[in-house]
Amino acid sequence: MPQSIFYVISYLALLSGIFMLHKSGKKLSALIWIAMSVMTSFAVQAVGAGIFYLAHLSISIMTVGIWNSALAVLIWIDVIKNGSQKYYIDKADALAFFIMFLVAGVIYSKRFALGHDISFASMDSATTYGIIKTMVFEHRSLTNMFFSIVTSALPMEAGLPITGEFYMYRTFLLWEIGYFFMSGVFFYILISSFLKTKGLKVYGVVGAVIYMLGYPLYSLIFGFSYFGLSISLIAYIIYAAILLVEDEFDKINVYLMLNFGLAGLFLCYMLFVPAIFTGVLVGIAVKMKREKKLFSGKTVKTGLLVFLVPSIYGLLITASNLLFISGDTVTSGTADGSRGIAMDGGCYNDMYSNFIMLMPFIIAGIMMSIRKQKDKSEDADLKGAHIVLPSVFVVMLIFAAVMFFFAMKGYVSVYYYVKNNNVFALLAWAFVMITASEMWEKAKEIFIGFEVVLLILIVMILTGADAKINEKNDRFLRVGAESFLDIYYFNEEFVKYSGDINSDDIALMEYVRYNIETDKEETEILAVGGFIYTHWFAKLTDNEVAQLNDVNQVQSTDFRDYKYICIQNTDIYDSNKVFFDNLGNVIYSNTRGKVIEMR
């Protein structure tokens, strides 16, 4: 408990210091900068953990707490010496954050039963939880891309005196929904400078919710939090780059945000490092060109201050990943014998359908941004966004085009290629809002028409109108609403079904965890059930567990090799009920399964 209290105090001291640090002579939105401060604190902790990782030191609430405390002291000395930042509460921001919080709360209630169910659609969630458990109890990282691991592990370790080891998973789920909430918040922050009227503020909230229910919800459903958090971090980096280009914020603060953010991106998801680094660099270059200082000492100095430290730091930790990415096809590794960036995996692999309706607004937004850069009469506070957003988008487009070329040649898997769409979704919806901000005064009706069509398509997806029309008369060609917004159709299919693990499944695992003693070095338990169930079974019971996930495996399995058979009531059990019921003595059972001790 004392260590947990120390960590919480150190984190709050760091977070409050970052928030109070003087950034601008203007008053700033308190809610936006609370969110920015939270992401900065996440990056600061991850970077500190990276230093411990390189030095082969433990990563724990004590070591990171000391790191937090040291930085907090330095920050608060600056706050006391130079004064604190002044803030105001923006009602529109408060309403937006509240609505996004409600959306996240509804998903948390529906998908995770407020922490009582574990409802993910892939095994990645169990793998991630296992890596986090290693950091919590062994204070080391099993991966060098540990941004989300550190961010989740620290509060989970600090909360152990309250949750206990078994129910620590509830903190994990709470953090997962927190990352989902942050996805909407950082999208909203990215578009906030365009929301100049009440009508646009409403559209900003609607746009943020629509964005959340797309790719960010997909990341949540499949347990890709490590990846989803990287998109929010990218939004943070872009916003910090906008502040740098606008020249209205304290430069040291912006440089620090960019340094921690860019270094954190190495630790979050390295695949996006080349495009995001280059996109920010191009944005800075465009600014310098407009000031006729492109080939000057100022440009070199800015580039070094922004990129030098995070590049050296990131490569020191993740350089080995370059060998993996460039790896050739080999006979070991994954099931299909591939490794590196050619390695495939389960994912949402739609290429472009979700962007068809948005393309006119993306193109218009880019053209408007180019015009804004040339129009000296425009408001200065939008200049940065109109420089950085198109720069990052164009570089991402080139990066994706190169990946597509190699994907067609078989050197890049679809699994890795379509990850770019998560970034494109962030940028695409941002350009929709850029276009909306221009059209609101001059051609509001066109944008309203787009919103009405969008709403009709979403309603069709949620109500299953396509299928109903086809059921009534199969001569009608399917309307195909999902062809334009397939990510929402895809998510809706998963959200409406309950997950693999409910409270009774968890109760059975808890019984095994605390009532069955096994040799931790031997595999004495066979878990029978769905893939996600059996993978989580191993993590929650803290046992070496063999897994049986398919009906066809029953005949080829020698059940005498195991001391305990833990069965989930799935089609595997239903198809072999008599056989399983006669294996041994049932020592625990509930509505979802049973534990059998072999005779």
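Student: Which helix gives the largest share of the nonpolar patch?

Tutor: In this predicted model, helix H14 (residues 297–325) supplies the largest share, six residues. The patch consists of Leu54, Val300, Leu304, Leu308, Val309, Ile312 and Leu316, with about 650 Å² of accessible area together. Leu54 belongs to helix H2 (residues 30–54).

Student: Why is Leu54 called partly exposed?

Tutor: Its relative accessible area is 37%. Partly exposed covers values between 20% and 50%, so Leu54 is partly exposed.

Student: What makes H2 and H4 oblique to each other?

Tutor: The axes of H2 and helix H4 (residues 91–112) cross at roughly 50° and come within 8 Å. Angles under 35 degrees count as roughly parallel, and 65 to 115 as roughly perpendicular. The angle fits neither class, and H2 and H4 are therefore oblique. Leu31, Ile32 and Ala35 of H2 make the contact with Asp93, Ala94 and Phe97 of H4.

Student: Why do Asp247 and Lys287 count as a salt bridge?

Tutor: Their side chains meet at 2.7 Å, N to O. The cut-off is within 4 Å, so the pair counts as a salt bridge. Asp247 is in the loop between H11 and H12 and Lys287 in helix H13 (residues 273–290), so the bridge ties together parts 40 residues apart in sequence.

Student: Is Lys287 buried or exposed?

Tutor: Its relative accessibility is 8%. Buried means under 20%, so Lys287 is buried. Asp247, at 35%, counts as partly exposed.

Student: What joins Asp247, Lys251 and Lys287 into one network?

Tutor: Salt bridges that share partners join them. Asp247 also meets Lys251 in a salt bridge, at 2.8 Å, N to O.

Key: Residues numbered from 1 in each chain as written. Predicted model: local features only at pLDDT ≥ 70, side-chain atom pairs only at ≥ 80, totals over all residues. Heavy atoms only, no water. Patch = residues over 30% accessible without salt bridge, like charges linked within 9 Å, V, L, I, M, F, W, Y side chains within 5 Å. Areas by Shrake-Rupley, 256 points an atom, 1.4 Å probe, with all protein chains shown as cover. Helix = DSSP H or I, 4+ residues; strand = E, 2+ residues; numbered from the N terminus. Buried < 20%, exposed > 50% of the residue type's maximum accessible area, 1.4 Å probe, protein only. Axes fitted to C-alpha atoms, helices over the stretch in contact; angles between N-to-C directions. Parallel < 35°, antiparallel > 145°, perpendicular 65-115°, else oblique. Contact = heavy atoms within 4.5 Å.
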